[in-house]
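Student: I should like a close look at a single part of this model, namely the way its helices pack. Please give one connected account, and add whatever bears on the neighbouring features.

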Amino acid sequence: MAETMHFMDLAFAVAQEAGEKQEVPIGAVVVLDGYVIGSSGNRTRELNDVTAHAEIMAIRMACEALGQERLSGADLYVTLEPCTMCAAAISFARIRRLYYGAEDPKGGAVDNGVRFYQQPTCHHAPDVYSGIGEVSSAQLLRDFFQSKRED
């Protein structure tokens with residue numbers, strides 16, 4: 001459990017950095033054999049790219065580091081429940097385990113919404129562990145959006 005919290009803390013730190021850049025503060029870290037091989041916060045505004053979610057960016061970085069398109073055996077730590085696009089990318093990358101912090105009842109697609117991994121058309125479903133660092137992740141998002149409303 002200590003290792004899980006360590007990697008989730010890294011994802012949280014990346015999420016904080018994204019928030020400081022006025023991105024929605026979500027962070028993701030890809031880990032293989034105990035080593036971080038990809039990490040990113042949201043970069044949609046920076047890159048003017050709606051697909052530049054933290055999970056997608058971290059997966060791209062990890063695939064580049066390994067020189068391959070699949071991440072079999074890798075784990076992904078992310079601060080918020082992935083959306084449908086990210087859930088699909090996680091599946092296509094063959095991520096072994098998904099750890100996420102806060103649930104996203106509005107936009108999540110793992111335990112909420114379309115429940116992507118429970119669909120018969122899903123070719124690969126990672127093991128999912130939710131609620132890891134949930135309070136901190138949810139608070140970071142609440143604080144970010146509250147500050148936006150005050151501006």
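Tutor: The model is predicted, and the account begins with two of its helices. Helix H1, residues 2–20, packs against helix H5, residues 134–150, at an angle of about 5 degrees, and their axes lie 11 Å apart. The two helices are therefore roughly parallel to each other, since angles under 35 degrees count as such. On the H1 side, the contact is formed by Phe-12, Ala-15, Gln-16 and Gly-19, and on the H5 side by Ser-136, Ser-137, Leu-140 and Phe-144. By class, the residues of this contact comprise 4 nonpolar and 4 polar ones, with no charged residue.

Helix H1 also takes part in an aromatic pair, and the structure holds 5 such pairs. The rings of Phe-7 and Tyr-77 have centres 5.3 Å apart and planes at 40 degrees, so this pair is tilted. Because Phe-7 belongs to helix H1 and Tyr-77 to strand E3 (residues 75–80), the pair ties together parts that are 70 residues apart in sequence.

Helix H5, for its part, leads to the largest pocket. This pocket holds about 270 Å³ of space. Helix H3 (54–66) and H5 are the elements that give two or more residues to its lining. In total, 16 residues line the pocket, and those nearest its centre are Val-24, Ile-26, Asn-42, His-53 and Leu-80. The lining divides into 9 nonpolar, 4 polar and 3 charged residues. Charged residues are thus present in the lining of the pocket, whereas the contact of H1 with H5 has none.

Conventions: Residues are numbered from 1 along each chain as its sequence is written. This is a predicted model: local features need pLDDT of at least 70, side-chain atom pairs count only at pLDDT 80 or more; totals for chains, interfaces and linings use all residues. Side-chain values use heavy atoms; hydrogens and water are left out. Axes are lines fitted to C-alpha atoms, for helices over the stretch in contact, and angles run from 0 to 180 degrees between N-to-C directions. Helices (H or I, at least four residues) and strands (E, at least two) are DSSP runs, numbered from the N terminus. Angles under 35 degrees count as roughly parallel, over 145 as roughly antiparallel, 65 to 115 as roughly perpendicular and the rest as oblique. Contact means heavy atoms within 4.5 Å. Ala, Val, Leu, Ile, Met, Phe, Trp, Tyr, Cys and Pro count as nonpolar, Asp, Glu, Lys and Arg as charged, and the others, Gly among them, as polar. On a 1 Å grid over the protein atoms alone, a cavity is a set of points where a 1.4 Å probe fits but cannot get out, and a pocket is an open set with protein on both sides within 12 Å along at least five of seven lines; lining residues have an atom within 4 Å of a point. Grid points are joined across faces, edges and corners, and a volume is the space filled by probe spheres set on the points. Rings of Phe, Tyr and Trp (its six-membered ring) pair if their centres lie within 6.5 Å; planes under 30 degrees apart count as stacked, over 60 as edge-to-face and the rest as tilted.
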